[in-house]
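Biologist: I have just opened this one and do not know my way around yet. Could you walk me through it?
Modeller: Gladly; here it is, and you can ask as we go.

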Amino acid sequence: RDQIRSVTFLDTLSDVPNSAWDVSAVGNGSVMAWTRLNDGLYDLYIAAEGGINAGSTCPYLFAGYKNMESIDFGTGFHTGEATSLVGMFMGCKSLKELDLSCFETKKVTDFGFLFYGCSSLEDLTIHTFDTDAATSMYAMFSNCKALTELDLRQFKTGNVTNMGYMFQSCEALADLKWDENAFDTGAVTNMELMFNNCPKLTKLELQFFDVKKVKSMYGMFWGCTGLKELYLPESNTGALE
């Protein structure tokens, strides 16, 4: 994994070279892969007629591709049946931009660790994410140290129970947007270290947060050294331990 510079998905087998190998689940040559040497590392290509079906679960699929600088899904990667994306890009520390506008996520329940450790990521396109079914966003953006802004206004979180470490160590994050009518925290039980070590955040408007079921807020704002305005909910916090 640490020898891959780029990954490209293709929706046709028409240009597959003789050096390609079969990576299909059923072993029938329906999905083929090959590499090309590029300045000491490799560009990886994965192709199938009509594109690749990611299946029902694809946890840690690209985890540990620490030298991968780009990944192009194009029209060759389908996630419509996926229920878990946990750790999918975990540790992809050389990625600077990532466009996931082709991802279908309406069945996904676990987004935990999805971008954990993508420390060079500056441009993240996730505006098409459907999070209605989500139950966990644990450490979803944790250690995305280069992200300066996140637009989560399309996120619906009414079923999410775990938001612990969600933005932990997003050291450059200065602009965090959400829709208070969609970002529902009524089912959340864990918010520990949610904004830990986000020193560039100067304002957090959380007055719409429903925290009645939250059991832990340990270190929630620890290390938010630039925070000047903090608006908190007046809801009952009786569930806190």
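Biologist: Let me start with one side chain: is glutamate 69 buried, partly exposed or exposed?
Modeller: Bear in mind that this is a predicted model. In it, glutamate 69 counts as partly exposed, because its relative accessibility is 43%, and exposed would need over 50%.

Biologist: And which side chain does glutamate 69 meet in a salt bridge?
Modeller: That is arginine 5, with 3.2 Å from N to O. The two come from distant parts of the chain, since arginine 5 belongs to strand β1 while glutamate 69 sits in the loop between β5 (52-53) and β6 (70-72), and they are 64 residues apart.

Biologist: What about arginine 5, buried or exposed?
Modeller: Arginine 5 counts as buried, because its relative accessibility is 15%, and the limit for buried is under 20%. Together with Asp39 and Glu69, Arg5 is also linked in a network of salt bridges.

Biologist: Where does aspartate 39 sit, then?
Modeller: Aspartate 39 is in the hairpin of β3 and β4, which has two residues between the strands, and there it takes a positive phi near 55°.

Biologist: How do β3 and β4 pair, parallel or antiparallel?
Modeller: They run antiparallel to each other, over eight bridges; one example is leucine 37, whose bridge partner in β4 is tyrosine 42.

Biologist: OK, and β1 with β4, parallel or antiparallel?
Modeller: That pairing is parallel, over six bridges, and here leucine 10 has alanine 47 of β4 as its bridge partner.

Biologist: Why would you call β4 largely enclosed?
Modeller: Because seven of its eight residues are buried, β4 is largely enclosed by the rest of the structure.

Biologist: Changing topic to the nonpolar interior: which residues of the largest core touch the most other members?
Modeller: The largest nonpolar core has 67 residues, and those touching the most other members are Phe62, Phe89, Phe115, Phe141, Phe167 and Phe195. Two or more residues of this core come from each of β1 (4-10), β3 (31-38) and β4 (41-48). There is also a second, separate core of five residues, with Ala20, Met32, Tyr45 and Ala47 among them.

Biologist: Pick one of those phenylalanines for me; what does phenylalanine 167 touch?
Modeller: Leaving aside residues up to four places away in sequence, the contacts of phenylalanine 167 include Phe141, Leu150, Leu152, Leu173, Leu176, Trp178, Met194 and Phe195, as well as Asn196 and Cys198.

Biologist: Back to charges: how many salt bridges does the count come to?
Modeller: The count comes to eight, and one of these is formed by glutamate 81 with lysine 107, whose closest N and O atoms are 2.8 Å apart. Glutamate 81 lies in the loop between β7 (77-78) and β8 (97-99), and lysine 107 in the loop between β8 and β9 (123-125), so this pair ties together parts that are 26 residues apart in sequence. Glutamate 81 counts as partly exposed at 43% relative accessibility, and lysine 107 counts as partly exposed at 35%.

Biologist: And which lysine does glutamate 171 meet?
Modeller: Glutamate 171 meets lysine 145, at 3.1 Å from N to O. Because glutamate 171 is in the loop between β10 (149-151) and β11 (175-177) and lysine 145 in the loop between β9 and β10, the pair ties together parts that are 26 residues apart in sequence. Glutamate 171 is partly exposed, with a relative accessible area of 30%, and lysine 145 is partly exposed at 32%.

Terms used: Residues numbered from 1 in each chain as written. Predicted model: local features only at pLDDT ≥ 70, side-chain atom pairs only at ≥ 80, totals over all residues. Heavy atoms only, no water. Core = buried A, V, L, I, M, F, W, Y, C linked by side-chain atoms within 4.5 Å. Buried < 20%, exposed > 50% of the residue type's maximum accessible area, 1.4 Å probe, protein only. Helix = DSSP H or I, 4+ residues; strand = E, 2+ residues; numbered from the N terminus. Contact = heavy atoms within 4.5 Å. Pairing = 2+ DSSP bridges. Salt bridge = Lys/Arg side-chain N within 4 Å of Asp/Glu carboxyl O.
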